[in-house]
Amino acid sequence: IRGKLGLDQCQIAYTSTAPTPLDVLQFFASLNLPIIEVWGMSELTGPATANPPGHIKLGSVGVTLPGVEGKLDEDGELLIRGGNVMPAYYREPDKTAEIFDAEGWLHSGDIATVDADGYYRIVDRKKELLITSYGKNIAPSLIESHLKHHALIGQAIAIGDNRPYITALIVLDQEVVPAWAKARGIVTSGPAELAADPAVVAEVERGVVEANSHLNHAEQVKRFTILPGEWTAESEELTPTLKLKRRVILAKYASAIEGMYASQPTGHAVSAEAPAPAS
């Protein structure tokens, strides 16, 4: 397989930019080609953390490189200090003051966790954190990542900013769901009927329950709505690199979102246990 990928002579593989899905990392590790994730910024003149070869923790961006200091701020933001850090933005004193604190730490804007061995994991961007009406800071991409582990869920967005609990808008994977439905004798006329089919809803709920099992109580999805159709760059919900356009989605589906928080809420409630799978 490595040969067919053109990677049969690859000694060390690095990746950066967006976090790589864990299942992709596991796949390459199973080919005896572990991928080393690194993290950095232009302001840090490149990488600031990396997984040491031979000591990789899949899903992490590794430890700080020699000469680089790292720590987490009170809200979980990753702060960096060291000789690799730029002195300032060129002719941008106000912007420089925004990113550096009095002790010289650069505020990356990334929310992270760090384990006992000093391995960092990037959780989300600080500006995208949800703050519930109870004051809980929640990283939506963590929730969304767990939701998309289910085969029927193509896209998902977690909602909850200034809300009492977390909900989700879910879009079915239109390459997977039709075949899944056909194998179970489910006949529908298109995406809208598939999104409303009880068997599909029950299977998606199973995916939500599974995702919730990996999340703490405040992060768990309490209600969800399955939307018909797909999200694409052309329909404006996704960027050309397939990232969520959160503001566009929140505005476009405001009615569905408000419905899940109404006194008689719409969408689907999530049970404590997963429903039985369709036969």
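This is a short walk through the inside and the surface of a predicted model.

Let's start in the interior. In soluble globular proteins, nonpolar side chains tend to be buried together. Here, the largest nonpolar core holds 29 residues, and Val204 and Phe224 have the most contacts inside it. Several elements each supply at least two residues of this core: helix 3 (140-147), strand 11 (153-159), strand 12 (166-172), helix 4 (177-183), helix 5 (191-196), helix 6 (198-212) and strand 13 (221-227). Helix 6 gives the largest share, six residues.

Now find valine 204 in the structure. Which residues does valine 204 touch, leaving aside its neighbours within four places in sequence? They are Ile153, Ile170, Leu172, Phe224 and Ile226. A second core, separate from the one around valine 204, has 16 residues, including Leu44, Val85, Met86 and Tyr89.

Helix 3 is a nice place to see how a helix can turn one side inward. Its buried residues are Pro140, Ile143, Glu144, His146 and Leu147. Looking down the axis of helix 3, you would find these buried residues within an arc of 160°, so they line one face of the helix. The general pattern helps here: an α-helix has 3.6 residues a turn, so residues three or four places apart point the same way.

Finally, move to the outside. Some nonpolar residues lie there too: Ile1, Leu5 and Phe27 form a surface patch with about 310 Å² of accessible area together. Isoleucine 1 belongs to the segment before strand 1 (13-15). Is isoleucine 1 buried or exposed? Isoleucine 1 counts as exposed because its relative accessible area is 61%, and the cut-off for exposed is over 50%.

Terms used: Residues are numbered from 1 along each chain as its sequence is written. This is a predicted model: local features need pLDDT of at least 70, side-chain atom pairs count only at pLDDT 80 or more; totals for chains, interfaces and linings use all residues. Side-chain values use heavy atoms; hydrogens and water are left out. A nonpolar core is a set of buried Ala, Val, Leu, Ile, Met, Phe, Trp, Tyr and Cys residues joined through side-chain atoms within 4.5 Å. Buried means under 20% relative accessible area, exposed over 50%, partly exposed in between (1.4 Å probe, protein chains only). Helices (H or I, at least four residues) and strands (E, at least two) are DSSP runs, numbered from the N terminus. Contact means heavy atoms within 4.5 Å. Patches are made of residues with over 30% relative accessible area and no salt bridge: like charges are joined within 9 Å, nonpolar side chains (Val, Leu, Ile, Met, Phe, Trp, Tyr) within 5 Å. Accessible areas come from the Shrake-Rupley method with a 1.4 Å probe; for residues, only the protein chains shown count as cover. A salt bridge is a side-chain nitrogen of Lys or Arg within 4 Å of a carboxyl oxygen of Asp or Glu. The arc is that of the directions from the helix axis to the C-beta atoms.
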